[in-house]
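Welcome! Have a look at the structure below, and then let us ask how each label attached to it is earned.

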Amino acid sequence: MKTKLLLLSLLLGGTLAASAINPHRVQRIDREIQKRVFIPKGQVLAGGIVSYSEHEEDNLNFTVLKNIEGRGYDFGVSPFVGYCFRNNMAAGVRFAYNRTYLDLGNFDLNLGEDFNISLDDVYYLEQSYEVSGFLRTYMPVGRSKIFGLFNECRLTYGYARGKNSTGSGTSYDGTFETAHSLEIGFAPGVSAFVTDWAAVEVSMGVMGFNFKWVDQKTNQVEHGKRRTSSGDFKINLFSINIGMTFYL
């Protein structure tokens, strides 16, 4: 047994020695990614994304949805600031605020004579706040100094507070809700300079892991909790963001 172990050790050692002196062994390719500077060290970057949408319905009918009356809006803003501590690499912080409002006066769902759902005085309001630390890396497209790719790694904490209610008077039912979330992921994108100091950026939504904890209180009496976790690495075309970034 000892003789076999000795022979195996000698064979392994000889193989490693032969591979070490082999001049034709495969070597790592130098892709010169970091040698081509797209964003130089020392620049400060600042920018953000703003979104707003609103809707209003008055006696709207659509297939099985009948007599819809309501209005609402969604507003979001996400500024950020960062510093390039080395060529093509930046670190910074991002803030986000989002407000969602819906006031639905009437809503009927008609799926036939035996199945009808009718809701009235539906109210929903939520405000959320987020803070993120990010690390961003850039890579130019070929030798271009205008177009480049970037990837932003983020660690995000979020806090949200909202309320929803249905009915009125003696049939009123309302729920208050608070939520905490933690998100770890990355957001790839494309940057295109329109001037020497300003660029338009198109980025995807964050892909990664998300954890959320929700506490509810209904009619100031009943308590409820919910915890969710998810991992998503799919590209969602509806989560594309367009914003401006300034390099100072």
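The questions and answers below set values beside the definitions they rest on.

This is a predicted model, in which local features need pLDDT of at least 70, side-chain atom pairs count only at pLDDT 80 or more, and totals for chains, interfaces and linings use all residues. Residues are numbered from 1 along each chain as its sequence is written, and side-chain values use heavy atoms, with hydrogens and water left out.

Q: What makes up the secondary structure of the protein chain?
A: There are one helix and ten strands. Helices (H or I, at least four residues) and strands (E, at least two) are DSSP runs, numbered from the N terminus. Read from that end, the order is α-β-β-β-β-β-β-β-β-β-β.

Q: Why is R136 called buried or exposed?
A: Buried means under 20% relative accessible area, exposed over 50%, and partly exposed in between (1.4 Å probe, protein chains only). R136 has 2% relative accessibility, so R136 counts as buried. E201, with a relative accessible area of 6%, is buried too. Across the 248 residues of the protein chain, buried residues make up 26%.

Q: How do you know that R94 and E152 form a salt bridge?
A: The term asks for a side-chain nitrogen of Lys or Arg within 4 Å of a carboxyl oxygen of Asp or Glu. In R94 and E152 the closest N and O atoms are 3.0 Å apart, so the pair fits. R94 lies in strand β3 and E152 in strand β5, so the bridge ties together parts that are 58 residues apart in sequence. Both R94 and E152 are buried.

Q: What makes R136 a partner of E152, and of E201?
A: Between E152 and R136 the closest N and O atoms are 2.6 Å apart, and they form a salt bridge. This pair links distant parts of the chain, with E152 in strand β5 and R136 in strand β4, 16 residues apart. R136 also bridges to E201, where the closest N and O atoms are 2.8 Å apart. Since R136 lies in strand β4 and E201 in strand β7, that pair ties together parts 65 residues apart in sequence. Salt bridges that share partners join R94, R136, E152, R154 and E201 into one network. The structure holds four salt bridges.

Q: Why is the space lined by R94, R136, R154 and E201, among others, called a cavity?
A: On a 1 Å grid over the protein atoms alone, a cavity is a set of points where a 1.4 Å probe fits but cannot get out; a pocket is an open set with protein on both sides within 12 Å along at least five of seven lines; and lining residues have an atom within 4 Å of a point. By this rule there is one cavity of 30 Å³ or more. The largest cavity has a volume of about 80 Å³, a volume being the space filled by probe spheres set on the points, which are joined across faces, edges and corners. β10 gives the largest share of its lining, three residues.

Q: What lines the largest pocket?
A: This pocket has a volume of about 880 Å³. Of its 31 lining residues, the closest to the centre are A96, N98, S128, E130 and E183. β5 gives the most, with five residues. The lining divides into eleven nonpolar, 14 polar and six charged residues. Here Ala, Val, Leu, Ile, Met, Phe, Trp, Tyr, Cys and Pro count as nonpolar, Asp, Glu, Lys and Arg as charged, and the others, Gly among them, as polar.

Q: Why does L149 count as partly exposed?
A: Its relative accessibility is 36%, so L149 falls between the limits for buried and exposed. L149 sits in strand β5.

Q: What is notable about the phi of N88?
A: Most residues other than glycine have a negative phi. N88 is not a glycine, yet its phi is positive, at about 65°. N88 is found in the loop between β2 and β3, and with a relative accessible area of 1% N88 is buried.

Q: How do you know whether V194 is buried or exposed?
A: V194 has a relative accessible area of 54%, which is over 50%, so V194 is exposed. V194 is found in the loop between β6 and β7.
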